[in-house]
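Trainee: I should like to learn how to read a structural model feature by feature. May we work through one together?

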Amino acid sequence: MNLTNEYYYFTEAIDKKTCNKIMKTGGKDFGEAVVGHGGESIVDKEVRTSKTAWSNDQWIYDLIWPYMEEANAQAAWEYDIKAAESVQITRYEKGGFYTFHKDGKSDNLGAYNEPQNKFRHGNVRKLSMSIILNDDYEGGGFEFATLDKETSNIYTPDFNKLGSIMVFPSFMTHRVKPVTKGTRYSAVSWLLGPPFK
């Protein structure tokens, strides 16, 4: 799929106090981050080294939903979004990274088959949203990779300031480069809708 806009972002949209509050929703329940592999989730430190915790606090959804709606409209995607997955609070300590990956497949084969979950069942990840919760670290750059006429391109949006929000189609290939100093915190959510037709 060719896009006019491959991402949309808001610089310093959320204040430090609110970012700290989001960070604290993870509490002490951080566990080793997993990756999808052959239909199951596993720890694979060659692909991803970080720790994650999860939040379903309604106030976070109320905070981020308008940004998703604005990005969806302003970037001219206008995807049919019905729900959001749990918010993942991610902690990348020194050396932490996540290699190039996609957050989801947006066709019928990527649809969740979870009848017990009315939000996920039958839907796919259409938009991904990442929020930078702190900026007192070094490294940890966010990058996209694209292919264009047999040429691969890697580019880094200016997305490293506390409270900045990035929204992009979940099928975009992206990574987080290794953190070289300090600890990087982010909040990630995936916005769901019916498969593309």
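**Reading the model**

Mentor: Let us begin with a single residue: at 53% relative accessibility, Glu 12 counts as exposed, because exposed means over 50%. Please bear in mind throughout that this is a predicted model.

Trainee: Where is Glu 12 found, and what is notable about its phi?

Mentor: Glu 12 is found in the loop between S1 and helix H1, which covers residues 16–24. Its phi is positive, about 50°, although Glu 12 is not a glycine. Ala 76 also has a positive phi, of about 65°, and is not a glycine either. Ala 76 lies in the loop between helix H2 (58–74) and strand S7 (83–84). With a relative accessible area of 53%, Ala 76 is exposed.

Trainee: How many helices and strands are there in the chain?

Mentor: The chain holds 2 helices and 17 strands. Its radius of gyration is 16 Å, close to the 16 Å that the globule rule gives for 197 residues, so the chain is as compact as a globular protein of that length. Along its principal axes, the C-alpha trace spans about 45 × 45 × 35 Å.

Trainee: What do the contacts, the burial and the surface add to this picture?

Mentor: Of the contacts in the chain with a separation of 6 or more, 81% are accounted for by residues 24 or more positions apart. As for burial, 45% of the 197 residues count as buried. The accessible surface comes to about 10,700 Å², and 47% of that belongs to carbon and sulfur atoms. Regarding charge, the mean positions of the 24 positive and 26 negative charges are 4 Å apart.

Trainee: How should one read a sheet, and in what order do its strands stand in the open sheet of 5 strands?

Mentor: The general idea is that strands of a sheet pair through backbone hydrogen bonds, either parallel or antiparallel. Here, the 5 strands of an open sheet stand in the order S5-S9-S15-S12-S13, and the pairing is antiparallel. Strand S5 (48–49) and strand S13 (151–155) stand at the edges with a single partner strand each, so one side of each is left without a neighbour in the sheet.

Trainee: How many bridges join S12 to S13?

Mentor: The antiparallel strands S12 and S13 are joined by 5 bridges. Within this pairing, Ala 145 stands opposite Ile 154 in S13. Thr 146 is found in strand S12, which comprises residues 142–148.

Trainee: Is Thr 146 buried or exposed?

Mentor: Thr 146 counts as buried at 17% relative accessibility, because buried means under 20%. Leaving aside residues up to four places away in sequence, Thr 146 touches Glu 6, Thr 151, Ser 152, Asn 153, Tyr 155 and Met 172.

Trainee: How are the side chains of a strand to be read, and which residues of S14 point one way and which the other way?

Mentor: In a regular strand the side chains alternate between the two faces of the sheet. In S14, Ile 165, Val 167 and Pro 169 point one way, while Met 166 and Phe 168 point the other way, and all are buried. With 5 of the 5 residues of strand S14 (residues 165–169) buried, the strand is largely enclosed by the rest of the structure.

Trainee: Which strands pair with S14?

Mentor: Strand S1 (residues 8–10) pairs with S14 in the antiparallel sense over 3 bridges, and Tyr 8 has Val 167 as its bridge partner in S14. Strand S10 (residues 124–132) also runs antiparallel to S14, joined to it by 5 bridges. There, Leu 127 has Pro 169 as its bridge partner.

Trainee: How does separation in sequence compare with distance in space for Ala 53 and Leu 63?

Mentor: Ala 53 and Leu 63 are 10 residues apart in sequence and 19 Å apart in space, C-alpha to C-alpha. Ala 53 has its place in strand S6 (residues 51–55) and is buried, with a relative accessible area of 1%. Not counting residues up to four places away in sequence, Ala 53 touches Gly 26, Asp 29, Phe 30, Val 87, Gln 88 and Ile 89.

Trainee: And what is the place of Asn 5?

Mentor: Asn 5 is in the segment before S1 and is partly exposed, with a relative accessible area of 28%. Beyond residues up to four places away in sequence, Asn 5 touches Gln 74, Ala 75 and Trp 77.

Definitions and conventions
Residues numbered from 1 in each chain as written. Predicted model: local features only at pLDDT ≥ 70, side-chain atom pairs only at ≥ 80, totals over all residues. Heavy atoms only, no water. Helix = DSSP H or I, 4+ residues; strand = E, 2+ residues; numbered from the N terminus. Rg over C-alpha atoms; globule rule 2.2 N^0.38 Å. Buried < 20%, exposed > 50% of the residue type's maximum accessible area, 1.4 Å probe, protein only. Contact = heavy atoms within 4.5 Å. Areas by Shrake-Rupley, 256 points an atom, 1.4 Å probe, with all protein chains shown as cover. Lys, Arg positive; Asp, Glu negative; His and termini not counted. Charge placed at Lys NZ, Arg CZ, Asp CG, Glu CD. Pairing = 2+ DSSP bridges.
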